[in-house]
Amino acid sequence: MEIEIVTLSRQGGREYNEDVQGHWHDGHFVACLVADGAGGHGGGDVAAATARQSVLGGFATQPTLDPQRLRSLLEQANTDIVARQSEGGARAHMRSTVELAV
């Protein structure tokens with residue numbers, strides 16, 4: 001099977017884009033992720049990038065379609081974002097949405 005991945009992200013009315021995308025594959029599994037930093041909270045771009053790294057990195061270590069494992073990847077991403085919030089400053093209230101297709 002051949003899969004083509006195409007992405008488009010628009011900055012909108014902000015000074016910079018807080019959206020990130022990413023994918024991982026191994027010939028058997030494909031995982032695609034879109035994370036959108038929640039504007040107005042500060043550090044949304046960092047939150048989105050943290051979510052991408054956490055989810056796709058975790059998936060790569062144990063690819064699966066198991067719903068509980070996928071949920072735990074998203075929960076770990078949340079934990080990782082909360083840990084980054086402790087850095088304080090503009091990142092203290094950073095947020096992101098995450099969509100994952102496997």
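**View 1. A salt bridge within helix α2 joins Glu75 and Arg71.** Because Glu75 and Arg71 stand 4 residues apart in helix α2 (residues 67-85), about one helical turn separates them. Their side chains meet in a salt bridge with an N to O distance of 2.9 Å; a salt bridge is defined here as a side-chain nitrogen of Lys or Arg within 4 Å of a carboxyl oxygen of Asp or Glu. Helices (H or I, at least four residues) and strands (E, at least two) are DSSP runs, numbered from the N terminus. Glu75 is partly exposed, with a relative accessible area of 41%, whereas Arg71 is exposed, at 51%. For these classes, buried means under 20% relative accessible area, exposed over 50%, and partly exposed in between (1.4 Å probe, protein chains only). The model is predicted, so that local features need pLDDT of at least 70 and side-chain atom pairs count only at pLDDT 80 or more, while totals for chains, interfaces and linings use all residues. Residues are numbered from 1 along each chain as its sequence is written, and side-chain values use heavy atoms, with hydrogens and water left out.

**View 2. Arg84, Glu87 and Arg91 form a network of salt bridges.** The side chains of Glu87 and Arg84 meet at 2.7 Å, N to O. Glu87 also meets the side chain of Arg91, in a salt bridge of 2.9 Å, N to O. Each member of the network is partly exposed: Glu87 has a relative accessibility of 45%, Arg84 has 27% and Arg91 has 30%. By the rule given above, the count in the model comes to 3 salt bridges.

**View 3. Met1, Ile3 and Ile5 make a nonpolar surface patch.** The patch covers about 380 Å². Patches are made of residues with over 30% relative accessible area and no salt bridge; like charges are joined within 9 Å, and nonpolar side chains (Val, Leu, Ile, Met, Phe, Trp, Tyr) within 5 Å. Accessible areas come from the Shrake-Rupley method with a 1.4 Å probe, and for residues only the protein chains shown count as cover. Ile3 is placed in the segment before β1 (19-25). At 49% relative accessibility, Ile3 counts as partly exposed.

**View 4. The largest pocket is lined by nine named residues, including Met1, Ile3 and Ile5.** The other lining residues are His23, His25, Gly27, His28, Phe29 and Val30. By class, the lining has 5 nonpolar, 4 polar and no charged residues. In this classification Ala, Val, Leu, Ile, Met, Phe, Trp, Tyr, Cys and Pro count as nonpolar, Asp, Glu, Lys and Arg as charged, and the others, Gly among them, as polar. About 180 Å³ of space lies in the largest pocket. A pocket is found on a 1 Å grid over the protein atoms alone, as an open set of points where a 1.4 Å probe fits, with protein on both sides within 12 Å along at least five of seven lines; lining residues have an atom within 4 Å of a point. Grid points are joined across faces, edges and corners, and the volume is the space filled by probe spheres set on the points.

**View 5. Leu74 and Arg71 in helix α2 are shown with residues of earlier sequence number.** Leu74 lies in helix α2 and is partly exposed, with a relative accessible area of 36%. Leu74 and Ala51 are 23 residues apart in sequence, and their C-alpha atoms are 7.9 Å apart in space. Arg71 is also found in helix α2. The C-alpha atoms of Arg71 and Ala47, 24 residues apart along the chain, are separated by 18 Å.

**View 6. Ala49 in helix α1 and Glu99 in strand β3 are each shown with a second residue.** Ala49 is located in helix α1 (residues 44-61) and is partly exposed, at 26% relative accessible area. Between the C-alpha atoms of Ala49 and Val34, which are 15 residues apart along the chain, the separation is 9.7 Å. Glu99 belongs to strand β3 (residues 96-101) and counts as exposed, at 57% relative accessibility. Glu99 and Arg52 are 47 residues apart along the chain, with 9.8 Å between their C-alpha atoms.
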